[in-house]
Structures are given as C-alpha cells and as structure tokens.
Amino acid sequence: MSEIFTNSPEGEGGSPPTTEDVLAALSGARVLLADRDVEGAASAAARALLAQGAAWVHTVGSPQDFVEAGQRPPDSGADWDVAVWDTGLSGSDDALTAFLLQWHTRHPHVPVVVTEETPNTRRGGAVLRGRAADMVERHDRDGLVAAVARALHERPDPAEAAEPRSRVHMLVVGAHPDDVEIGAGGTIHRRADEGWDVTILTLSRGAGGGDPDERREEALRAATAMGARLVMEDLPDGSIADDSHTVRTIERTVADTRPDVVLVHSDSDTHQDHRAVHRATLVASRRVPRVACYQSPSATVAYRPNRFVGLREGDLDAKLSAINEHHSQAASRWYLEEDLLRSTARYWGRFSQARYAEPLEVIRDATPLGFFPADHV
Ligand SMILES: [Zn+2]
C-alpha cells in the first residue's frame with residue numbers, strides 16, 4: 001500500500017515503455033551467454049532468447065571461453081549487443097565484481113545480465129559494484145528474457161545520449177519522516193532552487209514515534225519547505241527488512257522518477273531500519289549513475305564522507321524550517337535542536353568552499369574523472 005502526495009506539477013515525463021517496446025529491443029540481438037551447464041541450462045536459455053527474436057546466441061561454459069568469445073563477435077566491426085554471465089563461473093563476490101569490471105572496461109557498451117542460483121542483496125551488491133545491468137534467478141527463463149530485453153532497451157542510444165534531459169532528477173530515500181530533512185535538507189533545497197526535480201521517498205510513516213497521520217502531514221509540509229515532492233510508503237517502522245519487498249517498493253519510485261542521482265542512509269548506522277533501507281536502495285538504484293549516502297544522527301564513526309555540498313544561508317534556513325515542521329518530534333529528540341544542526345553544518349563547511357555544508361559518502365559515480373557537469377550533486 002502506498003500513497004503519493006505531490007506538491008509540484010508532474011514533469012513532462014512521457015509514458016513508460018510497454019512490454020512490446022522492451023521486447024522489440026531483443027529483436028536481431030547478438031547475445032554471448034555463459035553458463036556452467038552448456039548442454040542444459042545454457043541451451044535452454046538460448047532457445048528462450050531466440051524464440052523472442054534474438055538473432056544469434058553463442059553459449060560458452062568457462063570464463064576463458066567467455067573472454068575469448070568476447071573478443072570475437074559474430075560479425076566483424078560490431079561488438080556483441082549483450083552478455084549473460086552465470087555467477088557460478090566466477091566464485092566469490094569479490095571475484096565476481098572484478099570479473100564484471102574487467103568486462104565493462106573492455107566492452108563498455110555491452111551490458112551484462114547476471115544469472116544467480118539464489119539471488120540475494122549481498123550478491124546484488126557485488127553485481128552492482130561490477131556495473132552489471134541486472135541480476136535474475138538462474139533458471140528463470142522468462143525473467144532472463146525480460147532482463148536481457150530491458151538491458152538492450154536501456155542501452156544509451158549515442159544520438160539520444162548527446163541530448164541532455166531538461167531537468168536533473170534527484171531521489172532522496174529515508175526510512176522515517178524527518179530522516180532526509182536532517183541528512184540532506186540543505187542539499188535538497190539548494191538543488192530544487194537551482195531547478196532540479198527532487199523527490200523524497202519516505203518508507204514508513206514513523207508510527208513508532210507518534211501518530212502516523214500527524215507525521216504524514218508534517219512530512220508533507222517539510223517537503224514543501226525544501227521544494228520537493230513527497231512519496232510516502234507504509235513499511236513497518238522499526239522492522240524494515242532489506243528483502244525483495246522493500247527493494248520492489250523502492251523500485252516503483254525509481255521507475256517513476258528515473259533519477260540521475262540517489263541519496264540514501266549510510267550502511268554505517270546504528271539504526272536497523274537505516275541499514276536495511278541503505279541496502280535495499282542500492283539494489284533498487286543499480287542502474288542509477290550516481291548514488292551517495294547522507295549522514296543521519298545515528299551514523300557511526302565509520303561514516304566516511306568524501307563529498308561536501310556547500311549550503312547558502314537560505315539553504316540552511318530551509319533545512320531548519322523543514323525540520324521544525326516535525327513538531328511531534330521536537331520535544332523528545334536531542335538531534336533536532338537547532339544549535340546542533342547549525343553547528344554541524346558549520347563544521348562540515350570546513351571541507352567545502354562554503355560556510356555551511358552537508359557531507360555525502362559517494363557509493364558510485366559514473367561521471368568520468370576530471371569532468372564536473374553542471375548537474376553534479
Ligand atoms: Zn530514521
């Protein structure tokens with residue numbers, strides 16, 4: 001169950017691609033497919049892909065054959081369109097990530113769909129770090145066909161890639177009402193003020209800290225103060241899990257907003273909900289080019305920021321106004337005291353070129369080194 005509150009006009013958006021659009025991307029594709037069982041699982045997967053229009057599926061059963069075939073696509077002058085990799089061939093999570101990154105370096109325009117015997121968020125993290133397009137259950141043929149078609153559909157068209165979207169989209173994910181205000185309220189206000197489209201996704205209504213209806217109203221007023229749109233879900237406060245339900249819940253808003261940047265809690269946090277939301281968001285944001293973590297009051301000393309967003313007085317004022325909207329929490333929460341919030345922003349300012357700043361711990365940044373586009377978070 002979810003409710004969507006909006007306080008900004010809907011973007012031009014356009015309708016999402018239909019299943020037919022996505023499947024059409026598979027038509028004529030040349031697929032390189034690796035599976036530990038070349039005779040069985042690999043050939044069954046190949047038949048499923050050919051039945052949906054793939055032109056060519058080359059199956060291999062070892063890393064060496066995969067790498068060699070990668071260098072010899074079926075027609076000279078063009079690379080493979082997409083690759084499928086069975087995690088059973090690469091061993092540990094670290095080995096999987098290293099293998100995928102090696103592939104990405106050699107074939108940056110050939111997305112990889114990973115097949116996994118028992119998909120889980122830990123494996124998902126390794127796949128994400130390896131910059132693969134997607135992960136599906138190894139024997140799920142329909143899932144594989146859909147993931148391969150989606151990876152092909154979402155491959156950036158060089159002509160379209162040159163045409164920038166008119167507005168940058170940022171999605172900020174938090175477990176409870178007031179989390180994103182405290183962690184990134186100034187950044188949200190600054191970017192919204194600069195013309196970014198900012199969506200806040202709050203995954204619970206904070207029933208553990210007060211009346212959910214009252215907290216929902218407070219969250220909506222706070223989002224308005226920062227210039228953002230609010231989407232509120234209803235996961236259980238205090239026992240949010242990093243399971244597939246949470247991942248799918250976040251994926252809905254990711255699909256809706258197609259963010260360029262995602263901000264979320266850090267994994268270095270004493271609150272179990274924050275850690276779960278961090279992990280589930282990393283999986284749900286696996287195709288988002290820039291992902292970073294804000295600082296919550298419950299962050300541990302292991303939180304290690306490496307980017308600092310400078311704030312103007314007005315950004316800090318908007319952050320404090322947004323936090324002040326959470327009246328129901330003000331009396332009982334030490335971390336909502338204004339002098340602490342102000343001095344924390346002042347402290348982080350020493351790492352930026354501004355008087356005040358908010359820290360971020362960058363998880364992934366697909367921006368080329370030395371290149372700082374205007375839309376950088
Ligand atoms: Zn929280």
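Two residues count as being in contact here when they have heavy atoms within 4.5 Å of each other. With that in hand, let's walk through this predicted model, starting at a glycine. Gly238 touches His176, Gln272 and Asp273, leaving aside residues up to four places away in sequence. You'll find Gly238 in the loop between β9 (229-233) and α10 (244-257). Its relative accessible area is 30%, so Gly238 is partly exposed. Another glycine to look for is Gly206: it sits 32 residues from Gly238 along the chain, and the two C-alpha atoms are 8.5 Å apart.

Now follow that contact to His176, and you arrive at the metal. Which protein atoms hold the zinc ion? The donors are ND1 of His176, two OD atoms of Asp179, and NE2 of His274, at 2.1 to 2.3 Å from the zinc ion. Read along the chain, these donors follow the spacing H-x2-D-x94-H. His176 belongs to the loop between β7 (169-174) and α8 (179-193), while His274 is part of helix α11 (residues 272-284), so this pair ties together parts that lie 98 residues apart in sequence.

Why is the arrangement around the zinc ion called irregular? Four donors count as tetrahedral if all angles lie between 85 and 135 degrees. Here the angles subtended by the four donor atoms run from 57 to 128°, and that makes the arrangement irregular.

Are the two histidines buried or exposed? The cut-off for buried is under 20% relative accessible area. His176 comes in at 8%, so it counts as buried, and His274 is buried too, with 4%.

Next, the empty spaces inside. Searching the whole structure turns up two cavities of 30 Å³ or more. The largest has a volume of about 70 Å³. Among the residues lining the largest cavity are Leu33, Asp35, Val84, Thr115 and Arg138. Three elements, β2 (30-34), α2 (38-51) and α6 (141-153), each supply at least two residues of this lining, and α2 gives the most, with three. Sorted by class, the lining of the largest cavity has seven nonpolar, one polar and three charged residues.

The second largest cavity holds about 50 Å³ of space. Its lining is made of Val67, Phe99, Gln102, Trp103, Arg106 and His107. Which helix gives the most to this lining? That's α4 (residues 93-106), with four residues. By class, the lining of the second largest cavity divides into three nonpolar, two polar and one charged.

Technical notes. Residues numbered from 1 in each chain as written. Predicted model: local features only at pLDDT ≥ 70, side-chain atom pairs only at ≥ 80, totals over all residues. Heavy atoms only, no water. Donors = N, O, S within 2.8 Å, 3.2 Å for Na, K, Ca; no water. Tetrahedral: all angles 85-135°; square planar, octahedral: opposite > 155°, others 65-115°. Buried < 20%, exposed > 50% of the residue type's maximum accessible area, 1.4 Å probe, protein only. 1 Å grid on protein atoms, 1.4 Å probe; cavity = no way out; pocket = protein on both sides within 12 Å on 5 of 7 lines; lining within 4 Å. Points joined across faces, edges and corners; volume = space filled by probe spheres on them. Nonpolar A, V, L, I, M, F, W, Y, C, P; charged D, E, K, R; others polar.
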